[in-house]
Amino acid sequence: MGHNLVMADSYAVTAVLKACVLQRALERAREVHGLVLKSGLCLDRSIALKLIELYGKCGVLEDAWKVFGKMPERDVVACTVMMGSFFDCGRVEEAIGVFNEMRTRDTVCWTAVIDGLVRNGEFNRGLEMFREMQVKGVEPNEVTFVCVLSACAQLGALELGRWIRAYMRKCGVEVNRFVAGALINMYSRCGDIDEALSLFDGVRMKDVSTYNSMIGGLALHGKSIEAVELFREMLEERIRPNGITFVGVLNACSHGGLVDLGCEIFHSMETVHGVEQEVEHYGCMVDILGRVGRLEEAFDFIGRMGIEADDKMLCSLLSACKIHRNIEIGEKAAKLLSEHSRIDSGSFIMLSNFYASLGRWNYAADVREKMEKGGIIKEPGCSSIEVNNAIHEFLSGDLRHPERKRIYKKLEELNYLTKLEGYSPATEVALHDIDDKKKELALAVHSERLAICYGLISIEAYTTLRIGKNLRICDDCHAMIKLVAKITRRKIVVRDRNRFHHFENGECSCKDYW
């Protein structure tokens, strides 16, 4: 247009800026912004909105804020776009600041703030904002409900999720494929896989996202065969799988020890289905091989991948080496992990725990020191339980809860009863350079035990307890909870970082394979 001396109008400029947003083409966008300033179109509202979005998506929030500040009328749409830019960059408080300054707020605006909070891990704040939205009399739409259900899924708030489903019916929200996927995901992640399956069966027109939600849910609950069968049903229905589908079905193979089937599905991705294999899929394969003890094969697989292994993949291999006590491969994996450029707190802890499990306390201390120097904070073990529509969280050895006296009294009672059933603390899993007595005391107050004790004194007898934990459940707690379920005649469902464990009658659904 420029070469042909055709003056661009606001429609053309907005279209070009939209292309820049999709491509994250910051420098090209700056050129367009310069032309806008020269042509006198800078006051056009649609162009300003697109520039705010562009700079926000590219992480240049200072420039986004300048454009926002120069808008003559900062209405609800402009504020929502600016707020979304802050949320995209993880700057939650600035986003909330924009929200608080808004004079009028519509459904889209409320939904944007709830979505932003949930995307940034502020699940409770997202739910609080939803409650405030209701108090203000603003009617939610299906997107609002999907965001809120996502928060419930992450928190394990099953009763709240059920209430939201009832509220959706009251609001006349149709359970389409979009909403159904969110509901299936919520029920699955909150521990009620039967309700998720019932809902899935009731969806008439299923798409790839509906199947992905259900396959992923079945994998989380260790229902590996069912997940693979659903994957085959999906193919028979001629619904084309995507990358998320294969992450779900490969995880199912991993949790069920289905090595050959997992390998077959992995190799079919590109050759049969035309889906490119990405680092998540390679990570699933390393996990599949590592869990069954084929550690040399897993290590060689990493070397042949053709892409760089991420820290999660190396942690998976290191964990398998720790379980199968393969020091040689473990040290190789540990070396690769310690040299990795992008390593988070969980990876550092896995590395430290591996050395501690070998009794190499100096190596473990070096890793912890490296964490401290890098300003990396260990994620504390935290467990939660929903009681009367409220989420109660516990840390290891927590003394903050108002019912702490009753909780610890129940814990003492369970310690006594489980020892009568043959329980003996597995002090080898307490990876600290302290004596066995102190290790035993440290294990006794793990967060999941406190959450279970609170559930036992607060929730009606013989009903299911549902516990969420942000880290992997340790071997000692796993052994004890099996006995607690037997003694109390309760079903106890624990969701840890990797999967669900359904404890009942002294057994666990994972068959001690996790």
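**Figure 1. Contacts of Ser224 in the predicted model.** Leaving aside neighbours within four places in sequence, Ser224 is in contact with Ala252, His255, Gly256 and Leu258. The model shown here and in the following views is predicted. Ser224 has its place in helix α14. Its relative accessibility is 6%, so Ser224 counts as buried.

**Figure 2. Surroundings of Met234 in helix α14.** Met234 is found in helix α14. With a relative accessible area of 0%, Met234 is buried, because the limit for a buried residue is under 20%. Residues up to four places away in sequence are not counted in the contacts of Met234, which are Val208, Tyr211, Asn212, Ile215, Ile239, Arg240, Pro241 and Thr245. Ile473 serves as a distant reference point: Met234 and Ile473 are 239 residues apart in sequence, and 33 Å separates them in space, C-alpha to C-alpha.

**Figure 3. Asn212 in helix α13.** Helix α13 spans residues 208-220 and contains Asn212. Asn212 is buried, its relative accessible area being 10%. When residues up to four places away in sequence are not counted, Asn212 touches Met234, Asn242, Ile244 and Thr245. Thr245 is also among the residues touched by Met234. Asn212 and Leu317 are 105 residues apart in sequence, and their C-alpha atoms are 26 Å apart in space.

**Figure 4. Arg238 in the loop after helix α14.** Arg238 is found in the loop between α14 (224-236) and α15 (243-256). Most residues other than glycine have a negative phi. Arg238 is not a glycine, yet its phi is positive, at about 60 degrees. Its relative accessibility is 78%, and Arg238 therefore counts as exposed, the limit being over 50%.

**Figure 5. Arg24 in the loop between helices α1 and α2.** The loop that holds Arg24 lies between α1 (10-23) and α2 (26-39). Although Arg24 is not a glycine, it has a positive phi of about 55 degrees. Arg24 counts as partly exposed because its relative accessibility is 44%.

**Figure 6. Val77 and its contacts with Arg45 and Leu49.** Val77 lies in helix α5, which covers residues 76-88. Apart from neighbours within four places in sequence, Val77 is in contact with Arg45 and Leu49. Val77 and Leu49 are 28 residues apart along the chain, and their C-alpha atoms are separated by 8.3 Å. At 36% relative accessibility, Val77 counts as partly exposed.

**Figure 7. Packing of helices α20 and α21.** Two packed helices are described by the angle between their axes and the distance between the axes. For helix α20 (residues 327-338) and helix α21 (residues 345-357), the angle is about 150 degrees and the axes are 11 Å apart. The crossing of α20 and α21 is left-handed. On the α20 side, the contact consists of Ile327, Gly330, Glu331, Ala334, Leu337 and Ser338. These residues meet Ser347, Leu351, Phe354 and Tyr355 in α21. By type, the residues of the contact of α20 with α21 are six nonpolar, three polar and one charged.

**Figure 8. The whole chain, as context for the close-up views.** The protein contains 26 helices and six strands. Its C-alpha atoms fill a box of roughly 85 × 55 × 55 Å, taken along the principal axes. The radius of gyration is 26 Å, which agrees with the value near 24 Å for a compact globule of 514 residues. Of the 514 residues, 50% are buried. Among contacts between residues at least 6 apart in sequence, 62% join residues at least 24 apart. The protein is divided into domain 1 (278-379) and domain 2 (383-508). The C-alpha centres of domain 1 and domain 2 lie 27 Å apart.

Note on methods: Residues numbered from 1 in each chain as written. Predicted model: local features only at pLDDT ≥ 70, side-chain atom pairs only at ≥ 80, totals over all residues. Heavy atoms only, no water. Domains from an automatic or database assignment. Axes fitted to C-alpha atoms, helices over the stretch in contact; angles between N-to-C directions. Helix = DSSP H or I, 4+ residues; strand = E, 2+ residues; numbered from the N terminus. Left-handed = near helix turned anticlockwise from the far one by under 90°. Contact = heavy atoms within 4.5 Å. Nonpolar A, V, L, I, M, F, W, Y, C, P; charged D, E, K, R; others polar. Rg over C-alpha atoms; globule rule 2.2 N^0.38 Å. Buried < 20%, exposed > 50% of the residue type's maximum accessible area, 1.4 Å probe, protein only.
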